[in-house]
Amino acid sequence: MPWRQCEDTAMSDTFEQTCDYCGAKFRVEVPRLEGHEEQEEYNCPSCNKQFKTRAAYTPTVTLISARTDGRNDQYNNG
Ligand SMILES: [Zn+2]
């Protein structure tokens, strides 16, 4: 399922993403609230690389598959 809707009035978009730094695959659940969306940050669960998206709150990240780069360093978000 590429997206789902919550039971209450709040909505969320869910998408899967592959980290372009370490290759880990994870699911990002983005809370939506019309008129209250700002730039929110979320991090790759494996290397901690930071990504941004528009959301009402900080997105929830769930790891799906492990990183594929064979390393275990952390991304330097600078
Ligand atoms: Zn990563």
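These legends accompany several close-up views of a predicted protein model.

Two notes apply throughout. Residue numbers start from 1 along each chain as its sequence is written. Because the model is predicted, local features need pLDDT of at least 70 and side-chain atom pairs count only at pLDDT 80 or more, while totals for chains, interfaces and linings use all residues.

**View 1. The whole chain, with its strands and its confidence.**
The protein has 0 helices and 5 strands, where helices (H or I, at least four residues) and strands (E, at least two) are DSSP runs, numbered from the N terminus. Read from that end, the elements run β-β-β-β-β. Of the 78 residues, 15% count as buried; here a residue is buried if 20 or more other C-beta atoms lie within 10 Å of its own, exposed if 12 or fewer, and partly exposed in between, with C-beta atoms placed from the backbone. Among contacts with a separation of 6 or more, 41% join residues 24 or more positions apart; two residues are in contact if their C-beta atoms, placed from the backbone, lie within 7 Å. The mean pLDDT (the predictor's confidence in each residue, from 0 to 100) is 91, and 87% of the residues reach 70 or more. Confidence is lowest in S1, at a mean of 95, and highest in S5, at 98.

**View 2. The open sheet of S1, S2 and S5.**
Here 3 strands form an open sheet in the order S1-S2-S5, with antiparallel pairing; two strands pair if DSSP finds at least two bridges between them. S1 (11–18) and S5 (60–65) stand at the edges with a single partner strand each, so one side of each is left without a neighbour in the sheet. On average, neighbouring strands of this sheet are turned by 20 degrees against each other, direction ignored (axes are lines fitted to C-alpha atoms, for helices over the stretch in contact, and angles run from 0 to 180 degrees between N-to-C directions). S2 (residues 25–32) and S5 run antiparallel and are joined by 5 bridges. If you would like a landmark for this pairing, lysine 25 has serine 65 in S5 as its bridge partner.

**View 3. Glutamate 29 in strand S2.**
Zoom in on S2 to find glutamate 29. With 17 C-beta neighbours inside 10 Å, glutamate 29 counts as partly exposed. Its C-alpha is 5.8 Å from that of aspartate 13, and these two residues are 16 apart in sequence. Setting aside neighbours within four places in sequence, glutamate 29 is in contact with Ser12, Thr14, Pro59 and Thr60.

**View 4. The hairpin of S3 and S4.**
S3 (residues 38–43) and S4 (residues 50–55) pair in the antiparallel sense over 6 bridges. The two strands form a hairpin with 6 residues between them. Glutamate 38 has alanine 55 in S4 as its bridge partner, and glutamate 41 stands opposite lysine 52. The C-alpha atoms of lysine 52 and glutamate 41 are separated by 4.5 Å, although the residues are 11 apart along the chain. Lysine 52 is exposed, with 10 other C-beta atoms within 10 Å. Not counting residues up to four places away in sequence, lysine 52 touches Gln39, Glu40 and Glu41.

**View 5. Asparagine 48 in the turn.**
Follow the loop between S3 and S4 to reach asparagine 48. Most residues other than glycine have a negative phi. Asparagine 48 is not a glycine, yet has a positive phi of about 75 degrees. With 15 C-beta neighbours inside 10 Å, asparagine 48 counts as partly exposed.

**View 6. The nonpolar core and arginine 67.**
The largest nonpolar core has 6 residues: Cys19, Cys22, Ala24, Phe26, Cys44 and Cys47. Such a core is a set of buried Ala, Val, Leu, Ile, Met, Phe, Trp, Tyr and Cys residues joined through C-beta atoms within 7 Å. Beyond four places in sequence, cysteine 22 touches Cys44, Ser46, Cys47, Arg67 and Asp69. Arginine 67 lies in the segment after S5. Arginine 67 is buried, with 21 other C-beta atoms within 10 Å. Not counting residues up to four places away in sequence, arginine 67 touches Cys22, Gly23, Ala24, Ser46 and Cys47. The C-alpha atoms of arginine 67 and glycine 23 are separated by 4.8 Å, with their positions 44 residues apart along the chain counted as separation.
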